[in-house]
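Me: I would like to go through the ligand site and one of the pockets of this predicted model. Please give the reasoning behind each label.

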Amino acid sequence: MLGQMMSQPLLISSLLVHAERHHGDREIVSRRVEGDIHRYTYRELASRARRLANALAGLGLSASQRVGTLAWNGYRHMELYYGASGSGLVLHTLNPRLHPDQLVWIADNAGDQVLCFDLTFLPLVEATAKRFSTIKHFVLMADRDHMPAETGIPNLLCYEDLLEGASEDYDWPQFDENTASSLCYTSGTTGNPKGVLYSHRSTVLHSYGAAVPDALNLSSRDAVLPVVPMFHVNAWGIPYSACLVGAKLVFPGPALDGKSLHDLFEAEGVTVAAGVPTVWQGLLAHVEASGGKFTSMRRTVIGGSACPPAMLRAFEEDYDVTVLHAWGMTEMSPLGTVSTLTGTQLDLSPEEILAVKNTQGRAIYGVDMKIIDEAGAELPWDGKASGELLVRGPWVLDSYYNREGDGPLRFDSAGLGWFPTGDVATISPEGFMHITDRTKDVIKSGGEWISSIDIENIAMGHPAIAMAACIAIPHPKWDERPLLVVMLKPGMEASKDEILGYFDGKVAKWWLPDDVAFVSDIPLGATGKMQKNKLREDFDGYELPTA
Ligand code: ADP
């Protein structure tokens, strides 16, 4: 017997329809590439998204064709999120920080028909336009006044002209909720990037999952500022969840330095922000140096790589901002776990609470996880056994887009498919997952694993260290031993012995790095993470003093 409730497909357009009808006056504020602050409401967003849907149809696009974007976080990008996906096209957000060769490869692999881009990226698109093999229309996301007088881009279109010439009358089409909605490529630290193709259903379910109190805890009383780019896993789903709850949205545009962000937080009464640790480092440094405060900010979501304990402590203790340490992946839409306390942990001491928040947290509803040993057997949740982390759920990838060969899933004895995350983790009896490494970064010393993340986290607590990466160096006796690569804060000094001394009592003796190398810069990838593969190349052939 089937249930007798309405069968309504879960479509991305329904989020916007809800926001327009029920939160029409809520503001969306954007720092524009053009330099000024732009503000309008969800009602105007919805109206312009409908115009955009008509304009895209006018370009001759048909269902499921890909619309590429090269853009910062801003209202026009938001219009594309809804205008493209809502009308049955696939929004493809490209990461402008990738190498142009990779961008061309990705756009070709995706079969993008249109490329919409911010003014910032005009030189990039001018240099690459003729190399794309499927793009028919280039659209500059600006008004007529900002269009270049001369350009090598064929048939360059003006975004505001397109909207002006299109009708506002548009009925969002209804279709199968499993239809593809958007496409995002992983950053490809190994080999070519891989396309993750989200569906309307996976996106809407993820929006619910992300909004609940034990996840990002979003509501219409919030003003949310995603620092995480809309080209990096849909800004962790915030553009969708914000519509679902009717939160005010604040977009930082291209200005991601500490001062610009802090100014915007204060001016717009931002209550929640989300970003990777490297961005928060700049923010904290600015606030500390200027003696500033966070007068409205209550929570900050930190993820993408491990939140250093020193950062956690600074936000919570110095600024009274609650840290939501979150873990996820492009392949997971991205949210998997969030480190929020359970009812039984409320009486813990401040130190114990920080220890809980140091973990990547508990699985949110919609995500199941387990850890396995090298033979594939499930490991206990005792907070000690560490193994490869596998996940499954309705917003977890099943197979990569347009890619030959076997899919990534591993099937268990019950025939259920699990996605191997490539992360190594422990899980506590209470279900708190703690990432100790990525499988490719783990340091194998004498048959035992050393957590490179734990070493880095400790090093980053040293007052003179700005950034630290721990990598494996081959060793004749132990197979591999840790080398700590350190970037000092400007004007600060610390010797190797002093840094190694800082580890005293914090790690087992055999975890202590065998050497410390000082560098002026640690390379960051396109999503703001340390590129340890690059460092491993740089230190190829390095001789440890213990070798
Ligand atoms: P890529 O590494 O290709 O950029 P993602 O941006 O999807 O892909 O990154 C996913 C990976 O980032 C995870 O598998 C994990 O290794 C790492 N990661 C994400 N959040 C955290 C976190 N809170 N702590 C530690 N690692 C994290």
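Reply: To begin with the classes: Ala, Val, Leu, Ile, Met, Phe, Trp, Tyr, Cys and Pro count as nonpolar, Asp, Glu, Lys and Arg as charged, and the others, Gly among them, as polar. By that division, the lining of the second largest pocket holds 15 nonpolar, three polar and three charged residues.

Me: What is the volume of the second largest pocket, and which residues are closest to its centre?

Reply: The volume is about 560 Å³. The lining has 21 residues, and Gln-281, Leu-284, Glu-288, Ile-465 and Lys-489 are the closest to the centre. Helix 11 (277-290), helix 12 (309-318), strand 24 (465-475) and strand 25 (479-488) each give two or more residues to this lining. The largest share, five residues, comes from helix 11.

Me: Why is the pair between Lys-529 and the ligand called a polar contact?

Reply: A polar contact needs a pair of N or O atoms within 3.5 Å. A polar side-chain atom of Lys-529 is 2.6 Å from a ligand oxygen atom, so the pair qualifies.

Me: What makes Gln-360 and Ala-306 polar contacts of the ligand?

Reply: The cut-off is again 3.5 Å. An N or O atom in the side chain of Gln-360 lies 2.9 Å from a ligand nitrogen atom, and a polar backbone atom of Ala-306 lies 3.2 Å from a ligand nitrogen atom. Both pairs therefore count. The protein covers 94% of the 560 Å² of accessible area that the ligand has on its own.

Me: Which element gives the most to the shell around the ligand?

Reply: Strand 14 (residues 322-328) does, with four residues. The shell divides into four nonpolar, nine polar and three charged residues.

Methods: Residues numbered from 1 in each chain as written. Predicted model: local features only at pLDDT ≥ 70, side-chain atom pairs only at ≥ 80, totals over all residues. Heavy atoms only, no water. Polar contact = N/O pair within 3.5 Å; in protein donor to acceptor, adjacent residues only side chain to side chain. Areas by Shrake-Rupley, 256 points an atom, 1.4 Å probe, with all protein chains shown as cover. 1 Å grid on protein atoms, 1.4 Å probe; cavity = no way out; pocket = protein on both sides within 12 Å on 5 of 7 lines; lining within 4 Å. Points joined across faces, edges and corners; volume = space filled by probe spheres on them.
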